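Q: Got a minute to go through this one with me? I'd like to start with the cysteines and then jump around a bit.

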Amino acid sequence: MHRLRARWLLLAVGLLALLAGCAKDAPQDTLKPSGTYAKDIDRLQKPVFALAIIVAAFVFALIVYAVMRFRERPGDSDDDLPPQMHGNTRLEIGWTILPAIVLAGLSIVTLPVIFQLADEPDEALLVNVYGQKYWWGYEYPGAEDEGGEENAGYGVEQTISTANELHIPVGVDVYLTLRSNDVIHSFWAPKLNGKRDVVPGRTHHWKLKADEPGVFSGQCAEFCGTSHAFMRLKVVAHDQASWDEWVEAMQAPVEQPTSGLAAEGYELFQQKGCAGCHQVDGQWEEVVDTNPAAPNLTKLFARDCFAGCIYDLNDRNELEAWLRDPQRKAGSLMVIGELTEDEIDRLYAYLETLK
């Protein structure tokens, strides 16, 4: 009786685990691709999965047959053993050759996709990606930078540096150059492509291409420390008009505040050591080399999220709570002394001008 209950309990737990992976509108559903390369993977994985089901069904059927055919029956003596078989040459040759044929067939359809995903496109928007505990940084080389001439065709004349949100135009190949500043990370935007590991000391490349405008969620897919689960990312795919507006806004200079709380916050930004880690183009550009790299804040309020894309930048309370205690995200490398509420108001007023 206890064994029967245990079996039903295990079955219930298994079903609950299966249901936990089901969602109607999952933001990171690999089975609903929205990009060219994700669709290539999807077209490959579906027939492979179907073949795996057929093979599994065949194997399970053989197991059930063997269990039923050779089970112990009433009246059998405990000393009776079924006929013992020691090898079957035909069977052994068969179950060696058949899997080899299946795997060879899978290789024929898989290898072209692998090479296609690894090929560098002839024309692409170039983006440098930096992984770090626990956020992603993005740099679009401008026409004046080495290798950035190609980006001029997409309106990027000056270098654009941002974090957490990767913005791309629809229908354009985006060629990512990925590096890690600390440990192994893995870049994953499942609706646009598969995973790409990012290993310290190495340079990796990956491609994205969105077929329609939208916002696509992603995350680091390699355990990298305490807040690995909070190292998220967002890919924003723009139509042409929206892309042109975003590029223009990102390349527009940020005006330094000259009066009021914002001007006081500007001075406080340096006094509290923020400028030693965070760069603001045209205002605070000399960060300390020995400090850990921090997100470029030049166009901070052009983003919707911060701190690994887990907090809403449109909610003032979220940013103020972050200034009070950056360790609300465990393992954060941001170190800041205790701030008064008045100082937080001044810093917020300055940061709000960065848009």
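A: Sure, here's a quick run through the cysteines, a helix and a glutamate. Keep in mind that this is a predicted model.

Q: OK, how many disulfides does the structure hold?
A: One disulfide. C305 pairs with C309, and their sulfur atoms sit 1.9 Å apart.

Q: Which hand does the disulfide of C305 and C309 have?
A: It's left-handed, because the torsion about the S-S bond of C305 and C309 is about -45°.

Q: And are those two buried or exposed?
A: C305 counts as buried, at 4% relative accessibility. C309 is at 13%, and C309 counts as buried too. The cut-off for buried is under 20%.

Q: What about C220, why no bond to C224?
A: The closest cysteine sulfur to that of C220 is the one in C224, but at 4.0 Å it's too far for a bond. A pair has to be within 2.5 Å to count as a disulfide. C220 is also buried, with 0% relative accessibility.

Q: And C274, how far is its sulfur from the closest cysteine sulfur?
A: 8.5 Å, to C277, so that's too far for a bond. C274 counts as buried as well, at 11% relative accessibility.

Q: Switching topic: what's the span of helix 3?
A: Helix 3 covers residues 89-118, which is 30 residues. From first C-alpha to last it reaches 42 Å, close to the 44 Å expected.

Q: Where does helix 3 bend?
A: At T110, by about 30°. There's a proline, P112, following within four residues.

Q: Which residue caps the N-terminal end of helix 3?
A: N88 does that. One of its side-chain oxygens lies 3.2 Å from the backbone nitrogen of R90.

Q: Now the glutamate, E165. Which strand is E165 in?
A: Strand 4, residues 165-169.

Q: Is E165 buried or exposed?
A: Buried, with a relative accessible area of 2%.

Q: So what is E165 in contact with, leaving aside neighbours within four places in sequence?
A: Y138, K234, A302, R303, D304, C305 and C309. That list includes both cysteines of the disulfide.

Q: Nice, back to where we started. Which atom of C305 lies 3.2 Å from a polar atom of the E165 side chain?
A: The backbone nitrogen of C305.

Q: Last one: how far apart are E165 and Q28?
A: In sequence, E165 and Q28 are 137 residues apart. In space they're 15 Å apart, C-alpha to C-alpha.

Conventions:
Residues are numbered from 1 along each chain as its sequence is written. This is a predicted model: local features need pLDDT of at least 70, side-chain atom pairs count only at pLDDT 80 or more; totals for chains, interfaces and linings use all residues. Side-chain values use heavy atoms; hydrogens and water are left out. Buried means under 20% relative accessible area, exposed over 50%, partly exposed in between (1.4 Å probe, protein chains only). Helices (H or I, at least four residues) and strands (E, at least two) are DSSP runs, numbered from the N terminus. The expected span of a helix is 1.5 Å times one less than its number of residues. The bend at a residue is the angle between axes fitted to the seven residues ending there and the seven starting there. A polar contact is a pair of N or O atoms within 3.5 Å; within protein, one must be able to donate a hydrogen and the other to accept it, and residues adjacent in sequence count only if both atoms are side-chain atoms. Contact means heavy atoms within 4.5 Å.
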